[in-house]
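I opened this entry to look up how the interior is packed, where the aromatic rings meet and what one helix shows to the outside. My notes follow in the order in which I looked.

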Amino acid sequence: MRFRRFNDEGLAHFRDYLERLKNKDPKLDPPKELLEDDRFSQRLPQLIEAEPVPFAKRMDFACWLHDAAKEAKAEVPRTDTHFWAWLSLALFDQVCPVNGYGKRKVNEIAWYIPAFEDRRRNYRHVLSGSYAIFYLYKDDPSKVEKYL
């Protein structure tokens, strides 16, 4: 998978999908077509690639992302809302898994689209929050392993 970021239109479509999934149809399939369509997303300035794998815990995700960026000699765009929202959709089956009834339980939108501008909610994004904690202790991840 080549990492990208949503443009404003792609972000709006993803937000609309989350609202419909949460309020109307919990069985609605994720709009994966947004991920690589140039009308809704664009490549990152630096090429970062990695094959998605199942993550047993958030620490595994953070290490995976960090390793992918390190291998590409690139930086993870840590405060880019459009990137983190795109990554949430790319990993949606892990971020918002289907239950035994074929439904997804959607948390608040900030869980999937970070609200970096809101100090009270900016940490709630499941992926960026995990990566932020990992990044602080990347030289000694054992310090935070039990939290992630």
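I began with Leu136, which is found in helix H5; helices here are DSSP runs of H or I with at least four residues, strands are runs of E with at least two, and both are numbered from the N terminus. I note that this is a predicted model, in which local features need pLDDT of at least 70 and side-chain atom pairs count only at pLDDT 80 or more, while totals for chains, interfaces and linings use all residues. Residues are numbered from 1 along each chain as its sequence is written, and side-chain values use heavy atoms, with hydrogens and water left out.

**Helix H5, outside and inside**

I looked up whether Leu136 is buried or exposed. Its relative accessible area is 67%, so Leu136 is exposed (buried means under 20%, exposed over 50%, partly exposed in between, with a 1.4 Å probe and protein chains only). Leu136 also joins Ile133 and Tyr137 in a nonpolar surface patch of about 300 Å². On the buried side of H5 I listed Val126, Leu127, Ser128, Gly129, Ser130, Tyr131 and Phe134, and the buried residues of this helix pack against H2, H3 and H4.

**The core**

The largest nonpolar core (buried Ala, Val, Leu, Ile, Met, Phe, Trp, Tyr and Cys residues joined through side-chain atoms within 4.5 Å) has 43 residues, and among those with the most contacts inside it are Phe3, Phe61 and Trp84. Helices H1 (8-23), H2 (58-71), H3 (81-90), H4 (92-95) and H5 (126-136) are the elements that give two or more residues to this core. I then followed Phe61: leaving aside neighbours within four places in sequence, Phe61 is in contact (heavy atoms within 4.5 Å) with Phe55, Trp84, Leu87, Leu91, Leu127 and Tyr131.

**Aromatic pairs**

I found 15 aromatic pairs in the structure; rings of Phe, Tyr and Trp (its six-membered ring) pair if their centres lie within 6.5 Å, and planes under 30 degrees apart count as stacked, over 60 as edge-to-face and the rest as tilted. Phe3 and Trp86 have ring centres 6.3 Å apart and planes at 55°, so I recorded this pair as tilted. Phe3 lies in the segment before strand S1 (4-6) and Trp86 in helix H3, so the pair ties together parts that are 83 residues apart in sequence. Phe3 counts as buried at 1% relative accessibility, and Trp86 is buried with a relative accessible area of 1%. Phe55 and Phe61 form an edge-to-face pair, 5.7 Å centre to centre with 85° between the planes, and both Phe55 and Phe61 are buried.

Technical notes. Patches are made of residues with over 30% relative accessible area and no salt bridge: like charges are joined within 9 Å, nonpolar side chains (Val, Leu, Ile, Met, Phe, Trp, Tyr) within 5 Å. Accessible areas come from the Shrake-Rupley method with a 1.4 Å probe; for residues, only the protein chains shown count as cover. A salt bridge is a side-chain nitrogen of Lys or Arg within 4 Å of a carboxyl oxygen of Asp or Glu.
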